[in-house]
Amino acid sequence: MSIAQRRILLAVTGGIAAYKACELVRRLRDLDAHVRVVMTEGATHFVTATTFQALSGEPVRISLWDEHGEAAMGHIELAKWAERILIAPASADTIARLANGFANDLLSTVCLASAAPVYVAPAMNQQMWAHPAVQANMETLRRRGVIQLGPDSGDQACGDIGSGRMLEALELREAMVASFVDERLRDLKVVVTAGPTYEDIDPVRFIGNRSSGKMGFAVAEAAAYAGAEVTLIAGPVGLATPPRVARRIDVRSAAQMHDAVLEATAQADIYIGAAAVGDYRPATVAGQKLKKRDGKGLTLELSENPDILADLSQRSPKPFLLGFAAETHDVAVYAQDKLKRKGLDMIAANQVGGGLGFEAEDNALSLFWPGGEEALPRASKRTLAQQLIVKLAERYRAQRG
Ligand code: CTP
């Protein structure tokens, strides 16, 4: 599972690396995580609460004695709200106070009152980090189950060179993501297709469709976070390969996608067909650019492409098959029909248009499987992909154990 919709309490303490915590909030929000920021008094000398409030979209808490803050979400509620507590940067003072179980400010109190795993990203001068007092405090925390992230070594803001530099925002985010990786699809091989296909007419023109590939890429990412070994077969899209995806194969046409899928699924447990595969291709591809035929019009003859899902459903043994259906009307009727006609185990249907579906950031899905259905209401594609994978894993386990 990725960190979409996960609740991360970021505690920022007094150190120059607090500026990197701003970037960290952005990067966590990129993945749809909910982030609330708690600052120590010391941290406010480096970065303002307004900065974190703007970046997280949530009120920032600093003091235990803030009446407004306590009335909105008290420190105990905040402690219960958090699924992870990440202290970044963690100063020598904060590490010492946590090691000794202090509860004399908001951060230390929340840490004591929370059952969430605590992650500490130390950031301080190399001489301070090497000091036996700091090392002993850190050792105490580690023994108690606190997870230490970094520090890195290299140039320091103070001019020294050595160990004590806070990890970069993306490294800290990856640690948060890894902390949520679950076992739902552990050890399963999953093949995902995504994006459109392009069917060439001549060397410069093609027939394509408006699929952006975002939903399929989000599904591949969510499957990988659920522990699967993912092969992503992508049509022409300008998207980066999601983290943790084991293999990516780029194709252009439906025929190429068909061949790549058949090969990749030979050993696969699950196939997810999120690509918008072109149903037809020009019967012949012109070797040279077609010239305009003044006023005469042009008729293209099209041949039908192979149906990837239908072919897979003829296999024995066949992988668990999840298809997608993008429809402009009568979504449920068409989706149920495709479920049966293509011999699928599950189908995810969406309405195209009205700010949803192709080229959009948000989507909404209706899931159908033999004997059941469930609606996943409008959300970002990443959030939906995560919910879809939870449901898929449930159906897969119910069917195959
Ligand atoms: N699909 C496929 N091979 C094709 C066409 C579609 O595997 N040649 C898969 C898609 O990846 C998707 C599902 O079939 O998972 C449904 O695609 P869609 O285009 O909605 O279905 P079609 O069978 O093409 O039906 P229609 O275009 O008539 O709606």
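Me: By class, how many nonpolar, polar and charged residues does the shell around the ligand have?

Reply: Bear in mind that this is a predicted model. With that said, the shell breaks down into 7 nonpolar, 2 polar and 4 charged residues. In total, 13 residues surround the ligand, and the closest are Gly-273, Ala-275, Phe-324, Lys-338 and Lys-342.

Me: Which elements give two or more residues to that shell?

Reply: First, placement: the ligand sits in the largest pocket. Two elements give two or more residues to the shell, namely α12 (308-313) and β16 (320-327). The largest share, 3 residues, comes from β16.

Me: Now the polar contacts. Which backbone atoms lie by a nitrogen atom of the ligand?

Reply: The idea is to look for pairs of N or O atoms within 3.5 Å. Here, a backbone N or O atom of Pro-306 lies 2.9 Å from a nitrogen atom of the ligand. A polar backbone atom of Ile-308 is 3.0 Å from a ligand nitrogen.

Me: What lies 2.7 Å from an oxygen atom of the ligand?

Reply: That's a polar side-chain atom of Lys-342. As for cover, the ligand taken alone exposes 570 Å², and the protein buries 79% of that.

Me: How many salt bridges does a search of the whole structure find?

Reply: Side chains of opposite charge can pair when their charged atoms come close. The search turns up 26 salt bridges. One of them links Glu-23 with Arg-27, with the closest N and O atoms 2.5 Å apart. Both residues lie in helix α1 (residues 18-30), where they are 4 residues apart, about one turn of the helix.

Me: On to the backbone. Which residues does a cis peptide bond join?

Reply: For this, check omega. Ala-88 and Pro-89 are joined by a cis peptide bond, with omega about 0 degrees. Pro-89 belongs to strand β3 (residues 84-90). The bond from Gly-150 to Pro-151 is also cis, with omega near 0 degrees. Pro-151 is in the loop between β5 (147-148) and β6 (152-155).

Me: And phi: which residues other than glycine have a positive value?

Reply: Two to look up are Asp-32, where phi is near 70 degrees, and Asp-187, where phi is near 65 degrees. Asp-32 lies in the loop between α1 and β2 (34-39), while Asp-187 is found in the loop between α9 (169-180) and β8 (189-194).

How values were computed
Residues are numbered from 1 along each chain as its sequence is written. This is a predicted model: local features need pLDDT of at least 70, side-chain atom pairs count only at pLDDT 80 or more; totals for chains, interfaces and linings use all residues. Side-chain values use heavy atoms; hydrogens and water are left out. A residue is near a molecule or strand if one of its heavy atoms lies within 4 Å of it. A polar contact is a pair of N or O atoms within 3.5 Å; within protein, one must be able to donate a hydrogen and the other to accept it, and residues adjacent in sequence count only if both atoms are side-chain atoms. Accessible areas come from the Shrake-Rupley method with a 1.4 Å probe; for residues, only the protein chains shown count as cover. On a 1 Å grid over the protein atoms alone, a cavity is a set of points where a 1.4 Å probe fits but cannot get out, and a pocket is an open set with protein on both sides within 12 Å along at least five of seven lines; lining residues have an atom within 4 Å of a point. A molecule sits in a cavity or pocket if more than half of its atoms lie within 2 Å of its grid points. Ala, Val, Leu, Ile, Met, Phe, Trp, Tyr, Cys and Pro count as nonpolar, Asp, Glu, Lys and Arg as charged, and the others, Gly among them, as polar. A salt bridge is a side-chain nitrogen of Lys or Arg within 4 Å of a carboxyl oxygen of Asp or Glu.
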